[in-house]
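Hi,

Here is the structure I said I would pass on. Have a look at it first, and my notes follow below.

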Amino acid sequence: MNYIGSKHRLSNFIKTSVKGVVGNTLKNAVFCDLFAGTGIIGRTFKPFVQKVISNDLEYYSYVLNRNYIGNHAALDISCLIKNLNELKGKEGFIYTNYCTGGTCERKYFSNQNGQLIDAIRIKIEYWRTSNKITEDVYYFLLASLLESADKVANTASVYASYLKQLKKTAQRELTVVPANFQKTENSHQVFNMDSNVLIKEIEGDILYLDPPYNARQYGSNYHILNTIAKYDTFVPAGKTGLRPYKRSNYCKKRQVKTAFEELIKEAKFKYIFLSYNNEGFMSENQIKQILQKYGRYDLATTAYKRFKADKTASRNHKAITTTEYLHILEK
């Protein structure tokens, strides 16, 4: 997925840095990815640790991680994907509210793909409620639909707006591609909670933090994915058809430092690694001052290309690269 803040390109840097600190204890470690997003870092560490705990406040993220992290043993999916790809479209919630053929002017998907998303989503839910599939299979299929729908979305990158004309990829017919996960002997945990609440209920060895850096709200930027995942009934608001969402304290400049320090204080983990960049609400020095209160502090940095959605005149970012800081605390 084309995801803001994705650590896909930084995963090797993070993995190498973590291994350099914890050494051979990694294989026996409980690793927690508290702001998981699409789960790239949890997936990176899943084969190398004893257990992964994954969490995110957004439900679409929970669905992805419930599959990629929560699923660890082989599933009997036989002809399920084939069955979904043979369905005929239905005029459901997505078609009605997010396609021009419905009752609005929104153009997030082609009319055909909007109807296919509805038909597939309805079928997956039917299989679940009629006990024809397990919970593990349910989230596997739902994650597969989310990623496949994202590939034909008529957006530049995020769902904060849609394009006026259908781009080439949005004109392609939706095909559900399996969201295959990595199999492991050990089981893992996935949560859909406020991180500052969950941190009081869990413990482990390595805590990886990748909170929002600025005012971007993932609940608005990826609201369509939440709507497909939940497939609930609400009245879409405004031109973009927003659903209600919770604003994170990490996206509020006046509250982020308090929220962050509370999180660090409550964390029952020996090692804490925080990803943050040089354009975030908290400065390098502010983070250092907070972390030093709770143990031994260190810092690793790397430069990488800016996410393409940031390279716009409206954001006034002239630099091609940005610096990623990996703050390290041994509590």
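In this predicted model, α7 passes α11 in a right-handed crossing. The two helices, α7 at residues 135–151 and α11 at residues 223–230, pack at an angle of about 145°, and their axes are 10 Å apart. On the α7 side the residues involved are L142, L145, L146 and A149, and they meet L225, I228 and A229 of α11. By class that makes 7 nonpolar residues, with no polar and no charged ones.

α11 also packs against α3, here at an angle of about 65° and with the axes 7 Å apart. Y59, Y60 and V63 come from α3, while α11 brings L225, N226, A229 and K230. This contact has 5 nonpolar residues, 1 polar and 1 charged. If you put the two lists side by side, L225 and A229 turn up in the contact with α7 and again in the contact with α3.

Next, α12, which covers residues 256–266. Which of its residues are buried? They are V256, A259, F260, L263 and I264. Looking down the axis of α12, these buried residues fall within an arc of 130°, so they line one face of the helix. The general background is that an α-helix has 3.6 residues a turn, so residues three or four places apart point the same way. The cover over the buried residues of α12 includes two helices, α9 (195–198) and α13 (284–291), along with the strands β4 (204–209), β5 (269–277) and β7 (321–330).

One residue to click on here is N196, which sits in α9. N196 has 15% relative accessibility and so counts as buried. What does its side chain do there? It makes a polar contact of 2.7 Å with the side chain of Y250, and a polar atom of the N196 side chain also lies 2.9 Å from the backbone oxygen of A259. Leaving out residues up to four places away in sequence, N196 touches Y250, A259, E262 and L263. Two of those, A259 and L263, are among the buried residues of α12.

α13 gives a similar sort of story to tell. Its buried residues are I287, I290 and L291. Down the axis of α13 they fall within an arc of 95°, so they line one face of the helix. E284 is in α13 too, but E284 is partly exposed, with a relative accessible area of 36%. Apart from neighbours within four places in sequence, E284 is in contact with L299, Y325 and H327. In case you want a long distance to check your setup, the C-alpha atoms of E284 and N186 are separated by 37 Å, with the two positions 98 residues apart along the chain.

N186 comes up again with H188, which is in the loop between α8 (168–171) and β3 (189–191). Is H188 buried or exposed? It is buried, with a relative accessible area of 11%. The H188 side chain makes a polar contact of 3.0 Å with the side chain of T184 and reaches the backbone oxygen of N186 at 3.1 Å. Beyond neighbours within four places in sequence, H188 is in contact with K46, Q50, K51, V52, I69 and H72.

Over in α6 there is I122, which is partly exposed at a relative accessible area of 33%. I122 touches K90 and Y231, not counting residues up to four places away in sequence. I122 and K90 are 32 residues apart in sequence, yet 9.0 Å apart in space, C-alpha to C-alpha.

Last, a couple of backbone angles. Most residues other than glycine have a negative phi. S78 is not a glycine, but has a positive phi of about 30°. S78 is in the loop between α3 (59–70) and α4 (80–85), and with 60% relative accessibility S78 counts as exposed. N131 is not a glycine either, and has a positive phi of about 60°. N131 belongs to the loop between α6 (111–129) and α7, and at 67% relative accessibility N131 counts as exposed.

Cheers

How values were computed: Residues are numbered from 1 along each chain as its sequence is written. This is a predicted model: local features need pLDDT of at least 70, side-chain atom pairs count only at pLDDT 80 or more; totals for chains, interfaces and linings use all residues. Side-chain values use heavy atoms; hydrogens and water are left out. Axes are lines fitted to C-alpha atoms, for helices over the stretch in contact, and angles run from 0 to 180 degrees between N-to-C directions. Helices (H or I, at least four residues) and strands (E, at least two) are DSSP runs, numbered from the N terminus. A crossing is left-handed if the near helix is turned anticlockwise from the far one by less than a right angle, and right-handed if clockwise. Contact means heavy atoms within 4.5 Å. Ala, Val, Leu, Ile, Met, Phe, Trp, Tyr, Cys and Pro count as nonpolar, Asp, Glu, Lys and Arg as charged, and the others, Gly among them, as polar. Buried means under 20% relative accessible area, exposed over 50%, partly exposed in between (1.4 Å probe, protein chains only). The arc is that of the directions from the helix axis to the C-beta atoms. A polar contact is a pair of N or O atoms within 3.5 Å; within protein, one must be able to donate a hydrogen and the other to accept it, and residues adjacent in sequence count only if both atoms are side-chain atoms.
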